[in-house]
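Hi,

Here is the structure I promised to pass on. Please have a look, and then read on for my notes.

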Amino acid sequence: MILPPSFYTRTDVVKIAKELLGKVIVTNIGGIVTSGMIVETEAYAGVHDKASHSYGGRNTERTKVMFMNGGVAYVYLCYGIHHLFNVITNVEGTPSGVLIRAVEPLEGVEYMLVRRKKEKLTPALTAGPGALSAALGINTALTGTSLSGTDIFIEDRGIKLPKTDIVIGTRVGVAYAAEDAMLPYRFSIKGNKYVSKGKGL
DNA sequence: CAAACGATTTTCT
DNA sequence: GAAAATCGTTTGG
């Protein structure tokens, strides 16, 4: 089943980040359907989180999507090259979200290979936030799009993960966030080869 | 209006 | 393991 808006509008973004592991992202871009199981996530919790774009209540043209009601996509261009895909959570006015860091390819692998200009399926195809976005055809045009719509949505396919298969760690690439960089806001599936390298856990 | 920087990936040594 | 690639957003003048 497709996750309902009520899944995203809850207030505990860290819990949502954990629950998103094992769920399946499906994109339908230009008539091409691709999907992948989420194997790594990171939580970005509201205005008090220095690592978040919305820290201190910063509400700009780019980040305004984070302030929307939960259940929409937030796609941000980083380093001028990479599209990073986030799931916005919580209710309108409270900017929190979950960065999808890695997925395991399911359907449409051949299209992902084309988009990534690769010939063979390697873990690098979707291991990493910029990589999975490119593979699934996600770009900034999807910012603000509902995750319960037809272009992109997240499904629960009944995959259940034992608690022991969830690895908790610190976030990646947010060293500038000082003490908030140490928060246990990163979740991944133990032993899954599509989990990004990032930094060691 | 101009300058600096980043929630990264790839490639080369 | 280290450095380059590359551009929209943000910040300062």
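**Contacts with DNA strand B**

A polar backbone atom of G128 lies 3.5 Å from a phosphate oxygen of DNA strand B. Please keep in mind that this is a predicted model. Two elements of the fold to look at here are strand 4 (82-89) and strand 5 (96-105); together with helix 4 (129-136), they are the elements that give two or more residues to the surface near DNA strand B.

The bases are contacted too. A polar side-chain atom of H53 is 2.9 Å from a base nitrogen of DNA strand B, and a polar backbone atom of G80 is 3.4 Å from a base nitrogen of that strand. Which residues come nearest to DNA strand B? Of the 20 around it, they are H82, N86, R116, G128 and Y176.

As for the make-up of this surface, its residues divide into 11 nonpolar, seven polar and two charged. On the DNA side, 50% of the atoms of strand B within 4 Å of the protein belong to sugar or phosphate, and the rest belong to bases.

**Aromatic rings**

The count of aromatic pairs comes to one. Its partners are F7 and Y8, with ring centres 5.3 Å apart and planes at 80°, so the pair is edge-to-face. Both F7 and Y8 are buried. F7 has a further neighbour: the charged end of R10 sits over its ring, 4.6 Å from the centre. Elsewhere, R171 lies over the face of Y44, 4.8 Å from the ring centre.

Happy to talk it through whenever suits you.

Best wishes

Definitions and conventions: Residues are numbered from 1 along each chain as its sequence is written. Chains are lettered from A and ligands numbered from 1 in the order in which they are written. This is a predicted model: local features need pLDDT of at least 70, side-chain atom pairs count only at pLDDT 80 or more; totals for chains, interfaces and linings use all residues. Side-chain values use heavy atoms; hydrogens and water are left out. Rings of Phe, Tyr and Trp (its six-membered ring) pair if their centres lie within 6.5 Å; planes under 30 degrees apart count as stacked, over 60 as edge-to-face and the rest as tilted. Buried means under 20% relative accessible area, exposed over 50%, partly exposed in between (1.4 Å probe, protein chains only). A charge sits over a ring if NZ of Lys or CZ of Arg is within 6 Å of the ring centre and within 35 degrees of the ring normal. A residue is near a molecule or strand if one of its heavy atoms lies within 4 Å of it. A polar contact is a pair of N or O atoms within 3.5 Å; within protein, one must be able to donate a hydrogen and the other to accept it, and residues adjacent in sequence count only if both atoms are side-chain atoms. Helices (H or I, at least four residues) and strands (E, at least two) are DSSP runs, numbered from the N terminus. Ala, Val, Leu, Ile, Met, Phe, Trp, Tyr, Cys and Pro count as nonpolar, Asp, Glu, Lys and Arg as charged, and the others, Gly among them, as polar.
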